[in-house]
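Trainee: Please take a close look at one part of this model, the backbone of chain A where phi is unusual, and then place it against the rest.

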Amino acid sequence: MEVMRIKNVAKNFGGLKVLQDVSFCLQAGEKVALIGPNGAGKTTLVNVLNGLLSPTSGNIHLLGRDVTKLPPYERVALGLARSFQVSSLFPALSLFSNVLMALYGVQKSRYQMFRSFTGYPVNNQRARELLESIDLWGKKDIPVHELSHGERRRLEIVLSISSRPRVLLLDEPNAGLSSAETSNLIQMIENFAVGTTTLVVAHDLDFIYRLCHRVLVLYYGEIIADGSCEEIQTNQKVCSIYLGTEVKDA
Amino acid sequence: MNVGNGRWVRFIPIMAVVLFLMAAPAWMDVSLISLMTKILIFGLLAMSLDIVFGYIGLWSFCHAALFGVAGYTHGILIQHFDLAPFWLAAPLSILAAAGVSALFAWIGLRMSGIYFLLVTLALGQLIFSIAFTWKELTGGSQGLINIPYPDIGIDFSPTSYYYFTLIIILISSFILHHLLKSPFGYSLQGIRENETRMITLGFNTWRHKFLAFVISGVFAGIAGILYVHYNGIIIPTGVDMASSGLIAVMVIIGGSGTLWGAMIGSGVVYILSYFVSLFTPERWPLILGACFVTAVMFARGGLFPQLCKLWNKVVSPGSKGISPVSEWVNDGSHED
Amino acid sequence: MDVAIVSVLAGVSHGVVLFLVAAGLSFVLGLMGIVNIAHGALVMTGAYTGLAVAKATGNLAIGGLVGALLAGLVGLLIERGFLRNLYRLQLEQILVTFGFVYMIANVHLWIYGAWPQAAFVPPSLSGSVTIGQFSFPIFRIVIILIGVFLCPILWWVQDRTKIGAIIRAGMDDPDMVSVMGINLRPINIAVFFLAACLAGLAGVVGASPLGGVNLGLGQDMIFLAIAVVVVGGVGSIQGALTGSLLIGTFSALAGTYLPIMAIFVPYILMLMILIFRPKGLLGRR
């Protein structure tokens with residue numbers, strides 16, 4: 001079942017064409033990687049899918065609905081979530097509050113003015129589970145600006161998946177993480193995003209091959225390859241971009 | 001024994017302050033009671049500003065104007081239209097303040113930071129200019145005068161009006177405190193901390209900011225109504241840019257984003273003003289300016305967080321972990 | 001017809017005064033990101049002192065120079081003593097300048113008392129020309145001429161000199177400029193100083209069209225200067241000129257034909273721009 005369809009999406013910034021005629025589909029439950037050299041337009045594409053940027057042309061369908069003109073918060077309500085390449089958290093608030101905030105994002109009670117922020121046991125319980133799953137329950141009252149980089153990345157992912165999204169966009173989730181932390185991250189994504197359609201932007205091919213079955217290659221704003229991991233590994237064009245050489249058969 | 005973890009401990013200073021406020025008139029003379037009333041009224045105005053300024057992080061420089069809209073409307077209704085019943089004029093005045101806030105928010109929220117500041121500055125000054133020029137309605141530079149105490153069947157005196165004000169302030173503070181502890185209240189802080197993230201989490205941040213601004217205007221309006229009865233007079237210079245700036249001064253001195261800091265800031269400004277005017281009333285603005293510059297340069301967090309830290313040391317001398325201030329104010333304990 | 005001409009001329013002379021005040025504010029905002037609320041108080045500083053000196057010596061030029069320099073020095077004090085310690089803390093910088101408004105206004109009250117100061121017009125330049133059945137003060141024409149003289153010079157410096165290019169680059173991308181090896185700090189300070197000087201000069205020279213100098217001048221001027229910067233745009237001479245001429249002439253025309261609206265002209269223009277073209281008419285960004 002198709003959950004997301006991107007058709008002929010282009011994004012220009014003035015004269016600069018960052019995305020050109022990007023089209024692809026995401027099927028339910030797929031884990032797809034989006035790779036490409038720096039400057040290819042990967043984060044721009046994620047921003048367009050997410051709604052932070054509007055495409056210059058083309059359209060985007062999410063779960064059958066045309067969301068091209070919808071603002072990000074309405075796409076979230078439909079089941080889209082996204083994480084940021086640079087951790088985007090609430091520095092002065094505690095970890096617990098950060099996670100709770102994410103939970104309220106998809107609930108009507110975010111407009112609630114009379115009950116306490118911590119007055120919904122269901123939310124408190126879920127926040128606790130989420131923090132325990134990333135081993136940060138002990139630090140729940142600490143303000144986020146005191147966390148280490150790795151801890152922030154874990155929190156960043158948790159905020160994105162807390163809404164139990166149907167489609168998850170992860171922008172370089174392992175940016176700046178050590179290999180041990182990356183392994184934990186993969187575990188985390190596999191646990192949380194079971195069955196969730198996921199698009200992961202990444203550079204690390206090992207990371208990708210462990211997590212995803214399908215790879216999209218973006219080069220100067222165009223999708224130049226779309227296939228399984230094996231297909232991409234042997235794809236001439238992709239190799240010449242990354243390695244500057246032609247591939248020899250392994 | 002570590003007393004500090006009991007939630008009741010936090011109530012002790014609050015209870016002490018409330019008791020003090022209730023008992024104060026017994027040993028204060030009229031001028032001091034009048035001072036207390038003024039502190040409470042402007043404290044409420046400063047608290048209303050803190051919602052927008054401290055919690056959302058929007059630099060609003062028009063709150064004196066919102067205060068003025070309600071104050072003037074109330075005064076005009078009472079004087080020009082003989083709408084004597086307080087319970088009729090007051091809601092209409094609050095509605096006026098809310099309406100103007102909604103308009104200001106609608107115009108101003110399309111931008112942020114400096115531009116928001118400039119828009120609110122312009123809009124605030126616009127209200128000032130209207131108050132100044134529409135002489136038939138507002139009395140021009142003379143203002144509205146001879147506004148009596150509220151017509152609610154009580155024969156008011158400064159003391160009884162002080163209690164009337166105190167009750168309204170306590171109720172308003174209670175409402176604001178709980179509002180800011182609610183999911184909606186926290187969403188405002190979320191917007192301040194990282195608006196893009198909030199949008200990406202599902203929050204319609206414009207709507208939250210708009211609602212908060214209108215609510216802020218409502219409470220500024222309540223302060224305005226209390227003011228015209230307290231002062232008997234309202235003049236244009238009370239609602240101009242400089243006045244809005246003074247409210248911001250109070251919020252900063254007390255601690256922005258803490259709600260109670262605003263009330264403390266009001267207290268500091270007016271108590272200082274009272275004492276300075278006993279010696280050199282003409283030099284008050286100079287001293288106020290100097291205090292303000294000092295506060296901004298060296299004590300940016302404001303007084304309230306320092307008081308909290310002090311209290312924390314008193315009740316649990318050994319403890320190290322002090323929750324972020326924003327959480328302290330909103331009950332940092334999450335052991336529910 | 002004559003009424004219109006006289007109004008426009010009055011508006012232009014008013015506009016020139018506004019330009020002198022707003023240009024500095026605009027460049028400081030564009031280059032350093034500082035909204036100097038005390039800028040209006042600097043106008044007042046220059047005005048009070050400059051006029052006192054002018055009256056004592058009988059020479060407006062000396063008064064203007066003294067006023068400008070004093071305003072420049074006060075501005076420098078604020079920047080070097082206080083604002084530089086609040087680097088990139090925009091709100092704090094605004095609040096500190098706001099505190100200085102209180103202090104400067106009160107110091108002037110202390111020294112000069114509460115009565116407004118009359119403007120000083122040198123005897124050689126007093127008197128008026130007749131336009132139709134109206135007379136128009138010669139001094140105002142002089143003000144216009146000052147503007148005609150100063151504005152192209154400033155414009156030329158902005159567009160045609162190396163220092164102007166550096167300043168414009170500094171407004172677009174200060175980090176890039178320093179990476180290229182150019183130290184922006186002395187330039188920032190110099191611009192701040194010059195902006196303050198211009199404001200002081202405006203106070204001395206412009207007292208006449210402003211109708212004398214009083215303690216409220218600081219607040220009035222800062223608001224008008226902000227309006228000019230919003231309407232004209234940040235960081236360009238042409239923006240400051242456009243904004244000030246628009247506000248000046250429309251205020252004057254309104255004053256003649258629709259007096260009630262005169263006071264509202266800056267607001268209306270400002271709000272229209274903020275709603276339809278928030279970056280201003282001719283701003284840098």
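Mentor: A residue counts as buried if 20 or more other C-beta atoms lie within 10 Å of its own, as exposed if 12 or fewer do, and as partly exposed in between. The model is predicted, and the values below are computed from it. With 17 C-beta neighbours inside 10 Å, A:L63 therefore counts as partly exposed. A:L63 is found in the loop between β4 (57-62) and β5 (65-66) of chain A. Its phi is near 50°, a positive value in a residue other than glycine. A:N8 also has a positive phi, of about 55°, and is not a glycine either. A:N8, however, is found in strand β1 (residues 2-13) of chain A. A:N8 has 12 other C-beta atoms within 10 Å, so it is exposed.

Helix α3 (residues 95-104) of chain A gives a contrast: 10 of its 10 residues are buried, so the helix is largely enclosed by the rest of the structure. Among the buried residues of α3(A) are A:F96, A:N98, A:M101 and A:Y104.

Away from chain A, the contact between chains B and C takes 30 residues from chain B and 30 residues from chain C. On the side of chain B that touches chain C, α5 (113-133), α10 (241-254) and α12 (284-298) of chain B each supply at least two residues. The most comes from α5(B), with 10 residues. By type, that side of chain B divides into 22 nonpolar, five polar and three charged residues.

Methods. Residues numbered from 1 in each chain as written. Chains lettered and ligands numbered in written order. Predicted model: local features only at pLDDT ≥ 70, side-chain atom pairs only at ≥ 80, totals over all residues. Contact = placed C-beta atoms within 7 Å. Helix = DSSP H or I, 4+ residues; strand = E, 2+ residues; numbered from the N terminus. Nonpolar A, V, L, I, M, F, W, Y, C, P; charged D, E, K, R; others polar.
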